[in-house]
Amino acid sequence: MSWKQTLNEYKNQDNDLMEMRLQICNDCPIAIQTAEYGPICDSRQYINENDEVSHKWAPGFKKGCGCYVKFKAANKDKHCVIDKW
Ligand code: SF4
């Protein structure tokens, strides 16, 4: 396999990873949808691992990161605030 094939395969894997992550964010109750950039992880809300949402901190809840997740999801070193991905 040439380096170019290897690189393309690597890119495709990353695209698959990004799409999978974006789908999870699209279904997340604290995601705000934007027409231009897709979902934003709402930093005004808190969420726990059961997808329960709160407007203030409580045990087990984590604050949304405020990221445009399209960009965050493309970086394989980044993670969802509540480890959904
Ligand atoms: S990063 Fe996690 S908490 Fe934020 S919108 Fe995506 S799935 Fe929800």
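Colleague: How many bridges join strand β3 to β4, and how do they run?

Modeller: In this predicted model, two bridges join β3, residues 46–47, to β4, and the strands run antiparallel. Pairing needs at least two bridges, so β3 and β4 count as paired. Within that pair, I47 stands opposite V53 in β4.

Colleague: What makes β4 and β5 edge strands?

Modeller: The open sheet has three strands in the order β4-β3-β5, with antiparallel pairing. β4 (53–54) and β5 (62–63) each have a single partner strand, so one side of each is left without a neighbour in the sheet.

Colleague: How do you know that β1 pairs with β2?

Modeller: Four bridges join β1, residues 31–34, to β2, and the cut-off is at least two, so the pair qualifies. The two strands run antiparallel, Q33 stands opposite P39 in β2, and a hairpin of three residues links β1 to β2.

Colleague: Where do these strands sit in the order of elements along the chain?

Modeller: The chain has two helices and five strands, and from the N terminus on they run α-β-β-β-β-β-α.

Colleague: Why is D51 called exposed?

Modeller: D51 has 12 other C-beta atoms within 10 Å. A residue is exposed at 12 or fewer, so D51 meets that cut-off. D51 is found in the loop between β3 and β4, and its phi is near 65°, a positive value in a residue other than glycine.

Colleague: And what makes D83 exposed?

Modeller: The count for D83 is 8 other C-beta atoms within 10 Å, and 12 or fewer is the cut-off, so D83 is exposed too. D83 lies in the segment after α2 (69–73). Its phi is also positive, about 60°, although D83 is not a glycine.

Colleague: Why does I24 count as partly exposed?

Modeller: I24, in helix α1, has 16 C-beta neighbours inside 10 Å. Buried starts at 20 and exposed ends at 12, so I24 falls in between.

Colleague: Which residues does I24 touch, leaving out those up to four places away in sequence?

Modeller: I24 touches K84 and W85. The C-alpha atoms of I24 and K84 are separated by 7.5 Å, with their positions 60 residues apart along the chain. Contact is judged on C-beta atoms within 7 Å, so that C-alpha separation does not contradict the contact.

Colleague: Which residues make up the largest nonpolar core?

Modeller: There are 12 in all, including C25, C28, Y46, I47, V69 and I82. β2, β3 and α2 are the elements that give two or more residues to this core. Core members must be buried, so Y46, for one, counts as buried. Across the chain, buried residues make up 19% of the 85 residues.

Colleague: What makes C41 part of the shell around the ligand?

Modeller: C41 is among the closest of the 14 residues that surround the ligand, along with C25, C28, A31 and C80. Membership requires a C-beta atom within 6 Å, so C41 satisfies that cut-off. α1 (3–26) and β2 (38–41) each supply at least two residues of the shell.

Colleague: How do the shell residues divide by type?

Modeller: The division is 12 nonpolar, one polar and one charged. Cys and Ala both count as nonpolar, so the closest residues, C25, C28, A31, C41 and C80, belong to the nonpolar group.

Technical notes
Residues numbered from 1 in each chain as written. Predicted model: local features only at pLDDT ≥ 70, side-chain atom pairs only at ≥ 80, totals over all residues. Core = buried A, V, L, I, M, F, W, Y, C linked by C-beta atoms within 7 Å. Contact = placed C-beta atoms within 7 Å.
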